[in-house]
Amino acid sequence: MTKDMTVGSPMKLVLGFTVPLMFGNLFQQFYSMVDTIIVGKFLGTGPLAAVGSTGSVTFLILGFCMGVCTGFTIPVSQRFGSKDYGELKRFVGNIIWLAGGFAVLFAVVTALLCRPILEAMATPADIIDDAYAYLMPILVGIPATVLYNTLSSLLRALGDSKTPVVFLVMASLLNIGLDLFLIVVIPLGVAGAAIATVISQGLSGLACLVFIWKKFPLLHVSRDDLRPRLPHMRRLLAMGLPMGLQLSITAIGSIILQASVNGLGSAVVASTTAASKIYMFFSCAFDAMGVTMSTWGGQNIGAKKLERIGQGLRSCILVGVVYSLLSLVVMALFGKPLALLFVDAGETEIIDQAYQYLVINAACFIPLAGVNIFRLLIQGMGYSKVAVFAGVFKMVARGATRLFLVPAFGFLAACFAGPIAWVMADCFLIPAYVKVMKHVKQYGY
């Protein structure tokens with residue numbers, strides 16, 4: 001079930017790894033969209049806006065956790081590439097300790113700070129209670145998120161991008177059923193949507209665990225492998241923390257921007273919520289490309305095949321450009337019908353604003369592809385700290401948009417916040433990749 005990415009056609013391997021990941025991400029976004037559709041259709045625009053207002057906070061917290069989990073597995077992919085299976089198992093053993101500790105710590109701390117965070121974001125008074133009811137189960141369920149993301153990242157580090165998708169599809173279908181049951185039948189309101197997501201994620205993680213136990217002996221650890229080792233933990237933290245921090249810094253910029261959007265009123269929040277869900281559905285392909293490059297960089301640098309790193313990069317960029325152009329065409333032609341999935345046809349102002357947001361962002365998908373491809377490749381090669389600065393650039397761009405552009409140009413400025421951030425990040429990442437490659441060729445990793 002493992003896949004060695006140090007041999008074979010780069011384009012074939014990139015596509016073979018990316019497509020299952022993209023399919024899995026689409027399903028992950030699909031059941032996130034289902035949450036939003038059911039909330040909008042059955043509970044109304046107020047609860048819809050409440051769910052949307054938590055998006056940046058969720059990205060901040062869960063993004064950090066997912067980034068850390070992915071970063072933890074970079075040394076695993078490097079040891080797999082170098083065929084050092086003893087060290088691989090020792091890293092896995094120490095990942096178990098670190099991932100478990102992070103899961104519990106973040107669940108407790110963020111749950112205690114949930115209400116103050118929403119208040120600090122200037123969440124409108126008419127939706128803050130629903131926002132709290134939705135966000136709290138998500139935060140309490142962080143261990144389920146960490147379980148799935150750690151195990152699926154371990155599988156991907158060894159070249160298996162298909163198996164996590166299977167379990168994610170099953171979880172997505174379960175999530176849809178639980179959404180309808182907990183929102184429409186019981187009903188639990190917006191909290192039902194959050195609880196459904198946590199349960200589905202947890203079961204998907206458990207399925208990964210059973211699969212690893214039965215099919216992946218390379219990831220089985222002995223009592224000695226489980227012994228905490230300071231050098232291994234330092235290496236894992238050096239990879240995981242910068243990766244999580246990079247996503248969190250990006251999310252901080254999104255929170256700053258979300259606060260300015262909240263100040264424009266509930267109608268604007270609802271329109272950006274609907275548009276963001278559609279945008280995230282399409283942009284998850286870029287996340288898949290980034291994870292592919294992380295595994296590609298990790299395995300090939302571990303095998304000391306530096307020439308293949310550039311070959312894989314060029315193949316992935318070509319895939320990203322083609323996908324970006326196709327997405328723009330779809331957004332331009334079908335943006336308004338897609339917005340109708342979330343709101344009634346009579347909400348013409350919300351639909352028009354959602355369409356404007358979608359087209360502007362889709363027109364700049366190529367820079368977004370660059371952000372994910374270059375950042376994750378650099379991190380997969382073991383230079384996570386360098387990639388953190390890309391998040392700083394994105395945060396500065398979103399912060400500047402909130403402070404200077406949104407007050408002057410309103411909703412239009414909010415539409416351009418993402419594209420401005422992506423271009424600024426690329427201006428750092430592309431030269432950074434060139435510098436990292438020069439360093440690796442001269443000194444090794």
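Which helices each supply at least two residues of the lining of the second largest cavity? In this predicted model, the contributors are helix H4 (74-81), helix H8 (142-157) and helix H12 (266-302), each of which provides at least two of the lining residues. The cavity in question encloses about 80 Å³ of space, and it belongs to a set of 3 cavities of 30 Å³ or more found in the structure. Its lining consists of Thr70, Thr73, Ile74, Ser77, Ser153, Arg156, Ala157, Val291, Ser294 and Thr295.

Threonine 18 was examined next. This residue is located in helix H1, which spans residues 10-43. Threonine 18 has a relative accessible area of 4% and is therefore classed as buried, the limit for that class being under 20%. Two polar interactions of its side chain were identified. In one, the side chain of threonine 18 reaches the backbone oxygen of valine 14 at a distance of 2.7 Å. In the other, the side chains of threonine 18 and threonine 292 are joined by a polar contact of 2.9 Å. When neighbours within four places in sequence are set aside, the contacts of threonine 18 are Ala288, Met289 and Thr292.

Charged side chains were then considered. In general, side chains of opposite charge can pair when their charged atoms come close. A search of the whole structure returned 7 salt bridges. Aspartate 224 takes part in a salt bridge with arginine 227, with an N to O distance of 3.7 Å, and also in a salt bridge with arginine 229, for which the N to O distance is 3.0 Å. The accessibility of these residues was as follows. Aspartate 224 is partly exposed, at a relative accessible area of 39%, and arginine 227 is likewise partly exposed, at 44%. Arginine 229, by contrast, has a relative accessibility of 11% and so counts as buried, since this value is under 20%.

A further salt bridge links the side chains of aspartate 352 and lysine 336, at 3.4 Å from N to O. Because aspartate 352 lies in helix H14 (residues 348-362) and lysine 336 in helix H13 (residues 306-339), this pair ties together parts that are 16 residues apart in sequence. Both partners are partly exposed, with relative accessibilities of 39% for aspartate 352 and 37% for lysine 336. Elsewhere, Arg115, Glu119 and Asp129 are joined into one network by salt bridges that share partners.

Cysteine pairing was also assessed. A disulfide is a covalent bond between the sulfur atoms of two cysteines. The count for this structure came to 0 disulfides. Cysteine 427 is accordingly in no disulfide, and the nearest cysteine sulfur, that of cysteine 364, is 13 Å away; because a disulfide requires the two sulfur atoms to be within 2.5 Å, this pair does not qualify. At a relative accessibility of 56%, cysteine 427 counts as exposed, the threshold for that class being over 50%.

How values were computed. Residues numbered from 1 in each chain as written. Predicted model: local features only at pLDDT ≥ 70, side-chain atom pairs only at ≥ 80, totals over all residues. Heavy atoms only, no water. Salt bridge = Lys/Arg side-chain N within 4 Å of Asp/Glu carboxyl O. Buried < 20%, exposed > 50% of the residue type's maximum accessible area, 1.4 Å probe, protein only. Helix = DSSP H or I, 4+ residues; strand = E, 2+ residues; numbered from the N terminus. Polar contact = N/O pair within 3.5 Å; in protein donor to acceptor, adjacent residues only side chain to side chain. Contact = heavy atoms within 4.5 Å. 1 Å grid on protein atoms, 1.4 Å probe; cavity = no way out; pocket = protein on both sides within 12 Å on 5 of 7 lines; lining within 4 Å. Points joined across faces, edges and corners; volume = space filled by probe spheres on them.
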